[in-house]
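Subject: The structure, and what turned up in it

Hello,

Here is the structure I promised to pass on to you. Please have it open while you read, as my notes follow directly below.

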Amino acid sequence: MVQKLDKNELLCKEGQKLNHGIFVVSGQLKLFYLNESGIERIASFCTRNDYIDNWNDVHQHTALPYSICAISTTTIVKYPLKEMVSIFKQNPDLLQLCINLSQEIIGKKQDHYQILTLKTPKDRYLWLQKNRPQWLQDITLTELSKYLHVSRETLSRVRSKLLR
């Protein structure tokens with residue numbers, strides 16, 4: 001099923017079940033949560049040609065630990081995960097593709113952990129420049145600062161110094 005989301009439209013709220021795999025055709029999504037202090041933290045971004053799912057919903061009946069929201073006008077394709085199980089049985093190549101996409105999701109989580117262990121905001125920004133340059137063009141500084149767990153002002157100063 002194809003779905004169009006407006007900027008800031010919530011797709012799924014923390015604690016809800018995500019019973020679909022989601023492929024981003026265009027636009028950007030953010031996966032976010034509120035920390036103990038009520039500050040928004042972004043766990044990941046999903047941009048064009050990215051995929052997200054939560055197979056734990058299907059297998060362990062667990063809810064999402066984050067919310068999903070469009071940060072720009074976004075078009076997605078939703079695949080019902082329960083129906084996908086029977087499709088995978090008939091088409092092992094599709095199952096392998098889904099496994100590869102799920103491994104990419106795990107890789108993004110590992111990347112984010114790596115970024116957060118870098119000591120300075122400058123190191124974090126430099127990591128983005130090297131590994132996710134498109135994000136620097138497509139995603140606002142405010143959203144990037146929430147992903148890097150630094151203030152917007154700090155990130156703005158870092159970027160300004162690097163651009164000189």
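A residue is called buried when its relative accessible area is under 20%, exposed when that value is over 50%, and partly exposed in between. Glutamate 143, with a relative accessible area of 12%, is therefore buried. Please keep in mind that this is a predicted model, and that what follows was computed from it.

**Salt bridges**

Let me stay with glutamate 143, as it leads into the charged pairs. How many salt bridges are there? The count comes to three.

In one of them, the side chain of glutamate 143 meets that of lysine 30, at 3.3 Å from N to O. This pair links distant parts of the chain, since glutamate 143 sits in helix α6 (residues 141-148) and lysine 30 in strand β4, 113 residues apart. Is lysine 30 buried or exposed? With a relative accessibility of 5%, lysine 30 counts as buried.

Lysine 30 also has a salt bridge with glutamate 40, and here the N to O distance is 2.8 Å. Strand β5 (residues 40-46) holds glutamate 40 and strand β4 (residues 29-34) holds lysine 30, so this salt bridge ties together parts that are 10 residues apart in sequence. Both of these residues are buried, glutamate 40 having a relative accessible area of 17%.

Glutamate 40 has a further partner in lysine 146, where the closest N and O atoms are 3.3 Å apart. Here too distant parts of the chain are linked: glutamate 40 is in strand β5 and lysine 146 in helix α6, 106 residues apart. Lysine 146 has a relative accessibility of 24%, so this residue counts as partly exposed. Because salt bridges share partners, Lys30, Glu40, Glu143 and Lys146 are joined into one network.

**Cysteines**

You may well wonder about disulfides, so I looked at those next. A disulfide is a covalent bond between the sulfur atoms of two cysteines. A search of the whole structure finds zero of them. Why is cysteine 12 without such a bond? The closest cysteine sulfur belongs to cysteine 69 and is 12 Å from the sulfur of cysteine 12, which is too far for a bond; the cut-off for a disulfide is a pair of sulfur atoms within 2.5 Å. Seen from the other side, cysteine 69 is in no disulfide either, its nearest cysteine sulfur being that of cysteine 12, 12 Å away.

As for their surroundings, cysteine 12 is buried, with a relative accessible area of 5%. Cysteine 69 counts as buried too, at 6% relative accessibility.

**A charged patch on the surface**

Which residues form a positive surface patch? They are Lys122, Arg157, Lys161 and Arg164. Taking one of these, lysine 122 is placed in helix α4 (residues 121-131). Its relative accessible area is 44%, so lysine 122 is partly exposed.

**One loop residue**

Lastly, a word on alanine 63, which is found in the loop between α1 (55-59) and β7 (67-70). At 31% relative accessibility, alanine 63 counts as partly exposed. From alanine 63 to histidine 112 there are 49 residues in sequence and 21 Å in space, taken from C-alpha to C-alpha.

That is everything from my side for now. Do write back if you would like to go through any of it together.

Best wishes

Key
Residues numbered from 1 in each chain as written. Predicted model: local features only at pLDDT ≥ 70, side-chain atom pairs only at ≥ 80, totals over all residues. Heavy atoms only, no water. Buried < 20%, exposed > 50% of the residue type's maximum accessible area, 1.4 Å probe, protein only. Patch = residues over 30% accessible without salt bridge, like charges linked within 9 Å, V, L, I, M, F, W, Y side chains within 5 Å. Areas by Shrake-Rupley, 256 points an atom, 1.4 Å probe, with all protein chains shown as cover. Salt bridge = Lys/Arg side-chain N within 4 Å of Asp/Glu carboxyl O. Lys, Arg positive; Asp, Glu negative; His and termini not counted. Charge placed at Lys NZ, Arg CZ, Asp CG, Glu CD. Helix = DSSP H or I, 4+ residues; strand = E, 2+ residues; numbered from the N terminus.
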